Amino acid sequence: MLSTDFVTGSPNWLDLGSPDTAGAAAFYGSVFGWDFLSAGPEAGGYGYFQLDGRTVAALGPLTEEGASSTWTVYFQTPDATATVKAAERSGATVRVGAFDVMNAGRMAALTDPGGAQFALWQPTDVKGLELTSEPNTLCWAELHTGDPAAALRFYGSLFGWRAQEMDAPGMTYTVLSTAEGDQQDASFGGVAALRDATESPRWIPYFAVRDADETVAGTQGNGGSVVMPAADIPDVGRLAWLADPFGATYAVLKPVPPEG
């Protein structure tokens with residue numbers, strides 16, 4: 001699971017682009033108990049989702065032409081400009097080149113060679129999310145792609161990620177870890193093949209919850225929808241895929257309690 005001890009390649013930021021930021025703030029406030037804090041008039045409507053005063057995600061208006069509402073996972077880099085150049089050499093598309101976000105840090109937005117969008121964060125004043133792997137916070141990041149082996153090569157070359165295959169019902173699942181630390185302790189996400197021809201390549205954020213079924217009901221009760229019904233995954237927990245009222249997909253997970 002994720003921690004806030006970010007290293008190169010860690011998911012260190014997460015934001016939602018929405019056509020209705022007020023509506024999205026109200027929705028996630030009802031589902032996860034998040035508060036929304038504006039980053040100020042100079043931020044163009046961008047702001048922070050907070051839980052007990054700590055930032056757990058962010059929210060802003062759609063800024064790219066033709067964009068649809070989506071969650072974007074950011075990965076830590078010590079040099080956003082260099083990582084953008086390396087990604088481009090490896091077949092990625094640069095949607096937004098590296099630029100400074102006031103004094104907070106430096107970011108860039110890319111699409112990997114398989115078609116999944118992601119972003120980079122080079123921290124300065126804003127180190128990253130302030131709370132993870134607690135109820136109603138980010139706990140996992142999962143890539144669904146048409147060619148998992150190619151994706152592993154691409155991201156491995158950028159961030160040095162380690163990969164380990166594990167048994168999963170009806171599929172091959174690869175667990176990702178950062179280059180530093182014990183491999184299991186440093187795991188933060190996974191890679192899986194697309195479920196069917198209707199699914200687009202994408203990164204999906206997983207939020208830890210105390211009760212997956214209750215969160216499903218809360219999502220539906222506040223205008224969201226169910227993409228994949230809640231199900232128990234052996235040795236993982238109970239999870240569901242959901243979408244907010246504006247179409248942004250996310251997942252929730254009630255993890256299996258750790259042994260011992």
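**Contacts, ring pairs and backbone outliers**

Beyond its neighbours within four places in sequence, T178 is in contact with V7, T8, G9, S10, W161, R162, A186 and F188. The model examined here is predicted. T178 sits in the loop that joins β11 (171–177) to β12 (187–193). The residue is buried, as its relative accessible area of 4% falls under the 20% limit.

Aromatic pairs were considered next. A pair of aromatic rings is described by the distance of the centres and the angle of the planes. The count comes to 33 aromatic pairs. One of them joins W13 and Y48. Their ring centres lie 6.0 Å apart, and the planes meet at 85°. The geometry is edge-to-face, because the angle is over 60 degrees. W13 belongs to strand β1 (residues 11–18) and Y48 to strand β3 (residues 47–51), so this pair ties together parts that are 35 residues apart in sequence. W13 is buried, with a relative accessibility of 6%. Y48 is partly exposed, at 24%.

A further pair is formed by F32 and F207. Here the centres are 5.2 Å apart and the planes are at 55°. This pair counts as tilted, since its angle is neither under 30 nor over 60 degrees. F32 lies in helix α1 (residues 21–32), whereas F207 lies in strand β13 (residues 202–208); the pair therefore ties together parts that are 175 residues apart in sequence. F32 is buried at 2% relative accessibility. F207 is buried as well, with a relative accessible area of 0%.

F32 and F207 also belong to a cluster linked by ring pairs. Its other members are F27, Y28, W34, F36, F49, W71 and Y250.

A charged side chain is also placed against a ring. R195 lies over the face of W241, at 4.4 Å from the ring centre.

Two non-glycine residues with positive phi were examined. N136 has a phi of about 70°. N136 is located in the loop between β8 (117–123) and β9 (138–145). At 16% relative accessibility, N136 is buried. D235 has a positive phi of about 65° and is likewise not a glycine. Its place is in the loop between β14 (225–233) and β15 (237–243). D235 is exposed, with a relative accessibility of 75%. Thus N136 is buried, whereas D235 is exposed.

Note on methods:
Residues numbered from 1 in each chain as written. Predicted model: local features only at pLDDT ≥ 70, side-chain atom pairs only at ≥ 80, totals over all residues. Heavy atoms only, no water. Phe/Tyr/Trp six-rings, centres within 6.5 Å; stacked < 30°, edge-to-face > 60°. Helix = DSSP H or I, 4+ residues; strand = E, 2+ residues; numbered from the N terminus. Buried < 20%, exposed > 50% of the residue type's maximum accessible area, 1.4 Å probe, protein only. Lys NZ or Arg CZ within 6 Å of the ring centre and 35° of its normal. Contact = heavy atoms within 4.5 Å.
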